[in-house]
Amino acid sequence: MQKHMSYLQKHPSITRSRLSNFIGNNQWNDVNIQSVLYDQRISGEPHVMLEVWSAPGQERPTFGHAVKQEFSPAKVGQVFGPSWTTHWFRVTVNIPKEFAGKKVQFLFDTNSEAMVWSADGEPIMGLTGGNGGERHVDYTLTAQASEHEKQRVFYMEMACNDLFGNGDYHEHPQDRAIYYQLSSADLVAPNEGAWALYHDLEVIVEMASRLSQDSPRSWQALTAANAIVNVFDHADLSSIEPARELARQFFKAQGSEANHQVYAIGNCHIDTAWLWPYAETKRKAARSWSTQLQLMESYPEYRFAASQAQQFEWLKENYSSLFAKIQDKAKTGQFIPIGSTWVEMDCNLPSGESLARQFLLGQQFYKEHFGEISDVFWLPDTFGYSSQLPQIVRLSGAKYFFTQKLSWNNINKFPNTTFRWIGLDGSHVLTHMAPSETYGAQCRPGELIDSVKKHKDIAYTNESLYLFGNGDGGGGPLRAMLERLRRMENVDGLPRVKQAHPREFYEHVERTATDLVAWKGELYFELHRGTYTSQSNNKLWNRQSEFILREVELLSTVAHMHGKHQYPANELTRLWKLVCLNQFHDVIPGSSINVVYRDSDKIYEDVFASAKKLRQDALAGIYGGASEAGDAVVGFAVLNTTGWMRSSVVAVPAALAPQFAGAKAGDAVHTQVSKDGAEVLVLASNIPGCSAQVIQAPSLLQAEQVAAPGLVPAQVRASQSGDGSFVLENRQVRVTVDRNGRVTSYYDRLEERELVAAGQAGNVLELYDDVPLYWDAWDVEIYALEKYRALEGGEVAIGEEGPLVASLYLSMDIGPGGSKLRQKISLSAESPRLDFENDLDWHESRKWLRTSFTWDIYSDQATYETQYGVVQRPTHRNTTWDMAKFEVCGHKFADLSEFGYGVALLNNSKYGYATVGNTMSLSLMRAPKAPDEHCDMGRHRFQYAIYPHAGTFSESNVVQEAYQFNVPLQVIPLGLTACSADSLAQPCFSVSGARNVVLDCVKMAEDGSDSYVVRLYEAYGGHARALVTTKLPAARAHKVDILEERMGEDSELAWVARSRTVEVAFKPFEVVTLKYFAR
């Protein structure tokens, strides 16, 4: 028996602890591997001289501005702040001759983020201070110093925030002031052999712990690592090489060709805003990407992917030389622009057209600046994936999709890794979800082992993608990661690893995979359901911006094609970029810090101000000068920008109110003066789609302008019953409301049917306790549904009494925070729709406000609007998959229908729905406290409505009604000359023969020609053959994709004889884009 036998098998856990202590930064640093990582270290004058200039306030000055300022002496140990301030250091370095022949680094640790700049203003690399896993504070001055090094001068730009913002947002308010200490500014000579041994051991030690304990390879790793420790002597640097030889012998054993193949790609997921504002993201991208360019010089095999065209554009604008270097590395294939979209957007809340613009803007940028579009839709971190994405992805020129977020599901584990995702219309994309279940892998053996163990489709395809690098706040891969990855390329016990463009992975799967499974429909994320509701105003302004840009594009196209207006292409592109920016997956969902929403507020103010001016300019072009001057107004136009005929009550321009108020009962026009006399209402009837009808003062009216002659005007009235309830009724419905604003009866007079279930009610306002497990702004949890109260104590009074609009006013105190709700409940003469207009002053803490309606309707499925279509979800909770959908996303409506009848719940800015049995609920407001401690505090105005209809959803016009609810008829005051303009007297576009087809977008083409684009979609889930007519100049029409490229050789459509009409075939939920050429 050997005298000093180790008996490893008898005490492996002790050996593993020994190894952990040997490589760790701990109490044994004077004797373990840490003790020999640096041969020399020196700081302070005369070798290191520091000067600093602190920028005022939260300014982020350019290099050119900063270096012109007056710098003051600085020293290690000094603190800088507060949070979000910037401090520029001028660093003067004299490398001593003792460092000759050695690599020399400058270690600069501000415990925050920083950027290294050359003396002539070139950004060199980013630094991340502190002691976290993201730590990177070394800047290499020279690979081999000479005895007589020249003095070096360079700059450090210190940002007073860490990689994840301003400290722990779960525990501390994000508007607090933090100060950061400069803890090191050292010149060091690293011992490269010791560092290499350290990286050897990182891999071998983790293999020993993560490989199966029954695996011979695990024991080999444990034995090799233990032997290395035994050979190493911290007092004898010559022991490093024999220790390294032991490591080399271990790594010589290679894996089989049949082993799992991992395709590794570096990345640094940078949230465009989250725990930091947009302005800081601009610097994060520069810091992160410049670091990667440095690594590429040392690691030629390294491949790095970056997404989000917006971040590239910021880099191009603010760091042009850095952007040029990235373009060069893109040509070599090392730096890979990827992702297809403008930002990594939320996929639940933006409209279909917004998603289309995300891809259009992103692909345009990649094509212009990198020579090709991206064929990989790259979205690792967003909170669910719409069922229309596969079609939109394919229409944008991409065909692959990557994510991993569904690994976060908290109820059901998603069953697939590599699969074909099939969308609403049948389009499919090859989809992969990294089995390592992260986009921020650290290049460690355990993650590679998980890539095999957690791969759910390994029977069909033996490869996976592996994304490594620090992310969320940027940073990206570190040198240590690339060193570990080199050691793991082909070593027995682990999957084979190669660094490659993600496209290579997908193409290999396409060639070799057998019998891949398919997933049909949405990829519902079983977490972060609160993001449908948090930051209410932000969601409202997004919805409004989407619709106003739609309207501006339509009107500007009409004016331009009539030769009366120059289409504002550049400004519209700028506005769409801003809207798409705010749709980033931590902004529109409501999960960012407060300063982000103050920034987004300003962006929306910009969008609305500019869009309103563009709309006014377009209308001036169409009408030859719309008028705002009271004495010049002689009429007004009622503008209908939807694609179908509609009627609605509108308010007369103030200058014409006296004339309309005096209209007699026998006049053609039907009017109503509001109780407070502030406005005069008129019923505008049968306004064709994509047109405007001019209405002049009653003395000049033609009867058909406002009401068909011979018809009795529709009327509505409000009254109070003897039991204290209130009644709103017109010829179609009779609605009863109690003193708490609850709808106790909703009777359809035409169908002779009561809609409210016996003993139940609608518009029941409910307040829930809202304390999720961890992610405050992100989550509502299923147990919250167990703890709530129905709100009472309201007061109801009659407002308007008809004949065009009747209304009730509900006043109610809500919650312990002193919140107050004033709600206007109204019914108009021409519709069965009941509107709820809300003015809410909200001051609760961790409460969740909802409204619920219980109907006498039964169906196993409810229908919710999504982008370019609808999705059906169960109303029961039979399985855990059903139960997980206790809160779901819907756009403008949700519908519950049975044979013969249905009811839709519409909204103008809300997205959180639920339908359980015959009860429909809409989430109105939340009050989370992190990361924005002020989230949703204050005043909110929003609307929802009930729309009953005969027939099932597919037989209804719910899609059109919800569109109208969000796009009211526009009233445009006109002067005498403008009243005779005829550019919009006839519909400029119309769709006939297919009521299930919606005209959603009209715009000028992206190519700058006199071509224009019309986008339509099938909305109900059926085939259609639609006749699409344009009144604008058109010589030919082609079917194109979202990028406005022709779809095949037979893309040209034939005109219907003697018309400017084309017949277009639609599949269920198909999106069709037509491009009209004026000549």
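## Two cis prolines

P803 turns up in the loop between β35 (795–801) and β36 (805–814). In this predicted model, the peptide bond leading into P803 from G802 is cis, with omega near 10 degrees.

There is also a cis bond from G81 to P82, where omega is near 0 degrees. P82 sits in the loop between β4 (79–80) and β5 (86–93).

## How far to trust the model

The chain averages a pLDDT of 95, and 97% of the residues score at least 70. The stretch to watch is 700–712, where pLDDT stays under 50. The model does give residues 700–712 22 contacts beyond four places in sequence, but where pLDDT is low, the predicted coordinates should not be read in detail.

## Positive phi away from glycine

C443 isn't a glycine, yet its phi is positive, at about 60 degrees. Look for C443 in the loop between β19 (428–433) and α11 (445–453). With 0% relative accessibility, C443 counts as buried.

D472 is another non-glycine residue with a positive phi, near 75 degrees. D472 belongs to the loop between β20 and α12 (479–487). Its relative accessible area is 16%, and the cut-off for buried is under 20%, so D472 counts as buried too.

## Strand β20 and its parallel partner

Just how covered is strand β20 (residues 463–468)? Six of its six residues are buried. E463, L465 and L467 point one way, while S464, Y466 and F468 point the other way. That fits the usual pattern: in a regular strand the side chains alternate between the two faces of the sheet.

Strand β13 (residues 261–267) runs parallel to β20, and six bridges pair them. Within that pairing, I265 faces L467 of β20.

## Aromatic pairs and ring faces

Searching the whole structure turns up 67 aromatic pairs. One of them joins F414 and W519 in a tilted arrangement, 4.7 Å centre to centre with 55 degrees between the planes. F414 comes from the loop between β17 (400–403) and β18 (418–422) and W519 from strand β22 (residues 518–520), so the pair ties together parts that are 105 residues apart in sequence. F414 is buried, at 5% relative accessible area, whereas W519 is partly exposed, at 22%.

There's also an aromatic cluster whose members include W289, Y302, F304, W342 and F370. Y466 and F468 belong to this cluster as well, and they point the same way from β20, along with S464.

Two charged side chains are worth a look while you're on the rings. K284 lies over the face of W276, 4.2 Å from the ring centre. R995 does likewise over Y1020, at 5.6 Å from the ring centre.

## The β7–β8 hairpin

Strand β8 (residues 123–128) is mostly covered, with six of its six residues buried. Strand β7 (residues 113–118) runs antiparallel to β8, and five bridges join them. E113 has T128 of β8 as its bridge partner. Four residues lie between the two strands of this hairpin, and G121 takes a positive phi near 90 degrees there.

## Two open sheets

Five strands make up an open antiparallel sheet, in the order β28-β29-β30-β31-β32. Its edges are β28 (716–720) and β32 (753–754), each pairing on one side only. β28 and strand β29 (residues 726–730) are antiparallel and share five bridges. One bridge partner to pick out in β29 is N730, which goes with V716.

A six-strand open sheet, again with antiparallel pairing, has the order β34-β33-β39-β46-β45-β42. Here β34 (788–790) and β42 (888–889) have a single partner strand each, so one side of each is left without a neighbour in the sheet. Inside the sheet, strand β39 (residues 847–854) and strand β46 (residues 919–926) run antiparallel and are joined by seven bridges. S852 has S921 of β46 as its bridge partner.

## An annotated stretch and an exposed lysine

An unreviewed UniProt entry places the feature "domain: Glycoside hydrolase family 38 central" at residues 526–604. In the model, residues 526–604 are 63% helix and 0% strand, and the end C-alpha atoms are 30 Å apart.

Is K68 buried or exposed? It is exposed, with a relative accessible area of 71%. K68 sits in the loop between α2 (63–66) and β3 (72–74). K68 and L976 are separated by 908 residues in sequence and by 61 Å in space, C-alpha to C-alpha.

Conventions. Residues numbered from 1 in each chain as written. Predicted model: local features only at pLDDT ≥ 70, side-chain atom pairs only at ≥ 80, totals over all residues. Heavy atoms only, no water. Phe/Tyr/Trp six-rings, centres within 6.5 Å; stacked < 30°, edge-to-face > 60°. Buried < 20%, exposed > 50% of the residue type's maximum accessible area, 1.4 Å probe, protein only. Lys NZ or Arg CZ within 6 Å of the ring centre and 35° of its normal. pLDDT = per-residue confidence, 0-100. Contact = heavy atoms within 4.5 Å. UniProt positions renumbered as here; feature names shortened; annotations may be inferred. Pairing = 2+ DSSP bridges.
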